Amino acid sequence: MAVNNKVKITIDGKSFTLMGPETEEHMMQVAGYIDQKMTEIRKNSKAVAIDSSLAYILTSINVANDYFKEVKQHLEQEETMEELRLQVMSEKAKTAELQEQIEQLERDKRRLERKLQEYQTEEEAANEGLHTSKVRPRKR
């Protein structure tokens, strides 16, 4: 069972007691945010300064507006993260493909080096044979 924390807060000059599973610090932070919004709303209009229910409604609207902006920003960030994940996966696939090409080129290089060595050996043998035939006197 969740433990309920209890904290005394003040919003718009009125004291309340909050109870919930969140930490006291979290509840104080939320209350402070609401109180700050309420203060901003009251400062911007004389009618709101007089009518508490209007101040509460406008504060609620402002808080909801902030919430929806944050949700939208969060969704945009998630979309960006997904695009970046897809790019990373694509780049990893390209890297793997390039690595395979490098390995194939290295195998081809080794094969060609062996062939070159064979040709050089054959050429040396052929040159040696030509050289010996010129040095030896011919039989008549």
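I9 touches K14, S15, F16, L18, M27, M28 and A31, leaving aside residues up to four places away in sequence. Please keep in mind throughout that this is a predicted model.

Two of those contacts, M27 and A31, return when we turn to the nonpolar core. The largest such core consists of five residues, namely V7, I9, I11, M27 and A31. Two elements each give two or more residues to this core: β1, which covers 5–11, and α1, which covers 24–44. Of these, β1 gives the most, with three residues.

Let me stay with helix α1. This helix has 21 residues and reaches 30 Å from its first C-alpha to its last, which is close to the 30 Å expected at 1.5 Å a residue. Which residues of α1 are buried? They are M27, A31, K37, M38, I41 and R42. Viewed down the axis of α1, the buried residues fall within an arc of 135 degrees, and they therefore line one face of the helix. On the other side of α1, the exposed residues are E25, Q29, K43 and N44.

The buried set of α1 includes two charged residues that I should like to discuss individually, R42 and K37.

I begin with R42, which is found in helix α1. Its relative accessibility is 17%, and R42 counts as buried because the cut-off for that class is under 20%. What does R42 touch, not counting residues up to four places away in sequence? The contacts of R42 are D12, V48, A49, I50, S52 and A55. For one of these, S52, we also have a separation: R42 and S52 are ten residues apart in sequence and 8.9 Å apart in space, C-alpha to C-alpha.

I turn now to K37 and, with it, to the salt bridges. The count comes to eight salt bridges in this model. I shall present three of them.

The first on my list joins E40 and K37, whose closest N and O atoms are 4.0 Å apart. Why are these two separated by about one helical turn? The reason is that E40 and K37 are three residues apart in helix α1. In general, an α-helix has 3.6 residues a turn, so residues three or four places apart point the same way. Are the two partners buried or exposed? K37 counts as buried, at 12% relative accessibility, whereas E40 counts as partly exposed, at 33%.

The next salt bridge is between R85 and E82, with the closest N and O atoms 3.1 Å apart. Both belong to helix α3, residues 52–135, and because they are three residues apart there, about one helical turn separates them. R85 is partly exposed, with a relative accessible area of 44%. E82 likewise counts as partly exposed, at 37% relative accessibility.

The last of the three joins D108 to R111, and here the closest N and O atoms are 4.0 Å apart. D108 and R111 also both lie in helix α3, three residues apart, or about one turn of the helix. As for exposure, D108 counts as partly exposed at 24% relative accessibility, and R111 is partly exposed with a relative accessible area of 40%. Some salt bridges share partners, and in this way K37, E40 and D66 are joined into one network.

I close with the aromatic residues. How many aromatic pairs does the structure hold? The structure holds one. The pair is formed by Y67 and F68, and its geometry is edge-to-face, with 5.3 Å centre to centre and 75 degrees between the planes. Y67 is exposed, with a relative accessible area of 52%. F68 is exposed as well, with a relative accessible area of 55%. Both residues are placed in the exposed class because their values lie over 50%.

To review the main points on α1: its buried residues line one face of the helix, and E25, Q29, K43 and N44 are exposed on the other side. The five-residue core draws on both β1 and α1, and the salt bridge of E40 with K37 takes a buried lysine from this helix.

Methods: Residues numbered from 1 in each chain as written. Predicted model: local features only at pLDDT ≥ 70, side-chain atom pairs only at ≥ 80, totals over all residues. Heavy atoms only, no water. Core = buried A, V, L, I, M, F, W, Y, C linked by side-chain atoms within 4.5 Å. Buried < 20%, exposed > 50% of the residue type's maximum accessible area, 1.4 Å probe, protein only. Helix = DSSP H or I, 4+ residues; strand = E, 2+ residues; numbered from the N terminus. Contact = heavy atoms within 4.5 Å. Phe/Tyr/Trp six-rings, centres within 6.5 Å; stacked < 30°, edge-to-face > 60°. Salt bridge = Lys/Arg side-chain N within 4 Å of Asp/Glu carboxyl O. Expected span 1.5 Å × (residues − 1). Arc of directions from axis to C-beta.
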